[in-house]
Amino acid sequence: NFYNRFTGIFIPNVTGFYVFHVQILTCHKGQDFRTELVVEGVVKNSHYTGDSTYCSNGGGMAIVHVNARDSVWVRVRTPGDYNWIAPESSIAGFLLYAS
């Protein structure tokens, strides 16, 4: 209940260890694509979607410590204005345990 679908930012109200899973689908021939899971401006995990003949799927999972009211989001790190992210892309997360 702490993910804002309009901003793409997750802000929890409980400090603890969270599991985040990022899945990126991009459909643009001959272009690789990189994203990062970011917590309060610090990169916690990087993702690569490979250069294929059309669509590529990539992502990853990370367990990270997040303080209450920290901002968590996925940002694009591919240079230029390339941002052909398919709507099937997703981010999911849950509290593993409070600390």
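Reader: Before anything else, what's a nonpolar core?

Author: A nonpolar core is a set of buried Ala, Val, Leu, Ile, Met, Phe, Trp, Tyr and Cys residues joined through side-chain atoms within 4.5 Å. And keep in mind that we're looking at a predicted model here.

Reader: OK, so which residues make up the largest nonpolar core?

Author: There are twelve residues in it: Phe-10, Tyr-18, Phe-20, Val-22, Ile-24, Phe-33, Leu-37, Val-39, Ala-62, Val-64, Val-66 and Val-72.

Reader: And which elements give two or more residues to this core?

Author: Those are strand 3, strand 4 and strand 6. Strand 3 gives the most, with four residues.

Reader: Let me pick one. What does Val-64 touch?

Author: Leaving aside residues up to four places away in sequence, Val-64 touches Gly-16, Phe-17, Tyr-18, Phe-20, Val-39 and Lys-44.

Reader: Which way do the side chains point along strand 6?

Author: They alternate. Ser-56, Gly-58, Gly-60, Ala-62, Val-64 and Val-66 point to one face and are buried. Cys-55, Asn-57, Gly-59, Met-61, Ile-63 and His-65 point to the other face, and these are not buried.

Reader: Switching topic: what's the strand order in the open sheet?

Author: The order is 6-3-8, so to speak a sheet of three strands, with antiparallel pairing. Strand 6 (55-66) and strand 8 (90-98) are the edge strands, each pairing on one side only. On average, neighbouring strands of this sheet are turned by 10° against each other, direction ignored.

Reader: How many bridges join strand 3 to strand 8?

Author: Eight bridges join them, with strand 3 covering residues 16-27. One place to look is His-21, which stands opposite Ala-92 in strand 8.

Reader: And over how many bridges do strand 3 and strand 6 pair?

Author: Twelve, again in the antiparallel sense. Try finding Gln-23, whose bridge partner in strand 6 is Gly-59.

Reader: Now Glu-36. Where is that, and is it buried or exposed?

Author: Glu-36 is in strand 4 (residues 33-39). Glu-36 counts as buried because its relative accessibility is 13%, and buried means under 20%.

Reader: What does the side chain of Glu-36 make a polar contact with?

Author: With the side chain of Arg-75, at 2.9 Å.

Reader: What else does Glu-36 touch?

Author: Not counting residues up to four places away in sequence, Glu-36 touches a list of residues including Val-43, Asn-45, Ser-46, His-47, Trp-73, Val-74 and Arg-77. Arg-75 is on that list too.

How values were computed
Residues are numbered from 1 along each chain as its sequence is written. This is a predicted model: local features need pLDDT of at least 70, side-chain atom pairs count only at pLDDT 80 or more; totals for chains, interfaces and linings use all residues. Side-chain values use heavy atoms; hydrogens and water are left out. Two strands pair if DSSP finds at least two bridges between them. Axes are lines fitted to C-alpha atoms, for helices over the stretch in contact, and angles run from 0 to 180 degrees between N-to-C directions. Buried means under 20% relative accessible area, exposed over 50%, partly exposed in between (1.4 Å probe, protein chains only). A polar contact is a pair of N or O atoms within 3.5 Å; within protein, one must be able to donate a hydrogen and the other to accept it, and residues adjacent in sequence count only if both atoms are side-chain atoms. Contact means heavy atoms within 4.5 Å.
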